[in-house]
Amino acid sequence: MSLADATMSVVEISGVSKRFGTTTALEGIELEIGEREFVSLIGPSGCGKSTLLRIIGDLIEPSGGKVVVNGKTARQARKDRDYGIVFQDPVLYDWRTVAKNVALPLEMARWPRQKRTARIQKMLELVELTGFENHRPWQLSGGMQQRVSIARALSFDPALLLMDEPFGALDEMTRERLNMELLRIWAASGSTVVFVTHSISEAVFLSTQVMVMSPRPGRISEVVPIDLTQPRTAATREAPRFFELVTQVREALHLGQDLDRTAPVTSQQAPT
Amino acid sequence: MSSTAPVAVQSVPRGGLGKLVGHRLVDWLPAVIVLVAVVGLWQGLIVWLDVQQFLLPKPTAIASAFWTDKHELLHAGWYTFQEALGGFVLGSGAAIVVALVLARWRPLGTALMPYFIAANAIPIIAFAPITNQWFNGGLTKSSKVVIAAILCFFPVLVNTLRGLTSVRPQDLELMRSYAGGQTAIFRRVRIPNALPFMFTGLKVATVLAMIGAVVGEYFGGALNALGVLILARSRIFMFTQAWAGVFVACLFGLGLYLAVAAVERVALRWMPSTSE
Amino acid sequence: MATMAAERPVERSTEVIRRAAARVGTSILVLVALWGLWEAYRWLWIHEGWTWPFAVNDTTMPHLHDIFAALWGRASPGGVGPRLITVLVKGALFTAKEAAAGFAIGALVGFALGVVLAHFSLFQRGLLPWIVASQTVPILVVAPMVVVWANPKLPNGLKDWGAVALIAAFLTFFPVTVNTIRGLHSADRRALELMRSYAAGDWRVLWKLRFPAALPYIFSALKISATASVVGALIGELPSSIPNGLGAQIINFSQYYTTQPRGLWATNVIAAALGISFFLIVVIAEKLVVRRAPENLV
């Protein structure tokens, strides 16, 4: 299913399910993500996309199935710090400066001070926040805080970057700008990205593949490969192929909702 | 935690001795005006209504009584202050340790909290005669130190514990993603997060410590202790002198409070607004 | 901060009973554990003869069951007269009356003042810092003085307990005022705007929105004040010759400590019960009045 059969897969998931009490959040998840891919998980509320992301990151244990990250179990990958994670909330610590916030995972991995300082400089350059080292998080705008959060997630050069609706709390213009920046950072760092989002246009713009999910029970209903040219630019959003792909994803989402077994059946539901 | 302010960048405020004491003059001004008004009114009413001075003395009379006896009063105040300080350190220290334990083993904390709250409803002061019996008939400082310590324990415990446990799920998820264990979580997240809460509790405790020491002495204490002094003077209707003693108690209490507040400003200089 | 009330789902009565039973069960467990700790400490210290922090013997740390036995025994030596527990509970009830009266007055005055100050921000900016700072003025410290001063001035019916009630009122009124103001101001701004869009007048807004928003804050102040009232009443009773209260009993038994230590401990048990009862009454009132999860504001 993945575009990168020839390269090594970073994430391999087979038969994963997750139950919370009597609710089935995820069922029968199969996916494979190759190196350097940018995969978006999109779906309505309750489809389990955030849960799936956290299962990849060993922050939630699956009820069944197998998760292989970077050739290891998810738990081992977490212990070896093979991934960085970015949440919708920047989760920065007020009592640390910007630089020290980025330093946090490096401190925990016991990097020597010289190496840390050098790396922090490099990361802040990458997210274009040079000069803000000694600022406090509350002095920055939401978009800038997220950039710090991204810098922190990439600071120890992980193979995988997990992102849970990172731009969800920002306005559309900031979002589009950060999308471009994220693509640039992705290209420069060479990492693989799993990106959870609500926004169809964002998913299509950023990804190499879009995995459409549907709820109750949460499953991947369709995988849409995105064959837009790389690197993506502002012009990409205006290309006809972009709109075609957005429509394709949208229709997949609607189809997925039609499969929702608990949704009431109404006469208005148009057949697809 | 961090706010998502739309304004791009604010400048870092510069510190200094002025900041150490705090707020802008504008904030203080109405309060100062009221103080002057109240004191003036107090003085004025007494003169006008010709209230018997030995019952509710004029501020000026209290001030002069203080000045006359200042050595004795300040010595007594210092004696009692040591009890308050000892109790403050002992009680707060114990509370912080217990808070760390209860935050580490949450089920224990949630189970025990209601009992701590109920225990706080017990009038500790009724225990003072017993502590006096424990320690040399109440003639030394120790019995009052115990009372002050017990009084300080609860507010510091509750506030510190709340700070230690008010971390969001994502903070914990973030630390887990860094393969951080409990120790790392405590050291890097819970404890720094708890500091503002802890200081709130400590400030409350400073007030309780001094009051506890003085009132504890009402049940018995050394002759040169402030509480004993105040009570003795009240009993012989020397109210002006008694109020002078109360004034000294307030001074020392306020001193302890300001000391803690100053430490707070230094420790929490990273906060966006350190005003309380 | 506080948003519109989200009502807790009404629980089935069986659930409520089950949880209350569990609560009682754990309470008993905790009390038994504390008793065990007491006896263990006592045994260990006596066994080892340690004298730090203080020497342990029957006088300084009597057996807990001895204390309870003493409660059930006669108050005065000689085996006649009322039981100790009767004497102490009568004293406690007298003190409770003082504390309750003061608490009620203080709460009402504090609330009224809070409403006024919340409405007139000029008064508030001038008075509030001092109301807060006055908490460092030790009411407890001046309590004996106030009682000695006020007692002669009161009419005969109010003598003795009126002055003490005054102390309790003073201790209650400050936290209630401060928390009323904070609570009234805590109403969610959007909810306020909604009310205004309904052209609701100020009184309506006060009653339907601000007041319910203020309730958790007011109750948290009342919980603190309930305990403070009891403490204030006990302290106020100290210097004056108020023989009927529990404070007098404490002084009385502390004087006879060496011959009858268990008496003083017994007074402490009753005083503890008094304090906890006051507190529990407010907690129960809160659960009845505020039908949503109260914020644990201390």
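Modeller: Helices (H or I, at least four residues) and strands (E, at least two) are DSSP runs, numbered from the N terminus. This is a predicted model in which local features need pLDDT of at least 70, side-chain atom pairs count only at pLDDT 80 or more, and totals for chains, interfaces and linings use all residues. Residues are numbered from 1 along each chain as its sequence is written, while chains are lettered from A and ligands numbered from 1 in the order in which they are written.

Biologist: What makes up the secondary structure of chain A?

Modeller: Under that definition, chain A has eight helices and ten strands.

Biologist: Why does the radius of gyration of chain A agree with that of a compact globule?

Modeller: The radius is taken over C-alpha atoms, and the globule rule is 2.2 Å times the number of residues to the power 0.38. For 272 residues a compact globule would have a value near 19 Å, and chain A has 19 Å, so the two agree.

Biologist: Why is H7(B) called largely enclosed by the rest of the structure?

Modeller: A residue is buried if 20 or more other C-beta atoms, placed from the backbone, lie within 10 Å of its own (exposed: 12 or fewer; partly exposed: in between). Because 21 of the 24 residues of H7(B) are buried, the helix is largely enclosed.

Biologist: What span should helix H7 (residues 142-165) of chain B have?

Modeller: The expected span is 1.5 Å times one less than the number of residues. For 24 residues that gives 34 Å, and the end C-alpha atoms are 34 Å apart, so the values agree.
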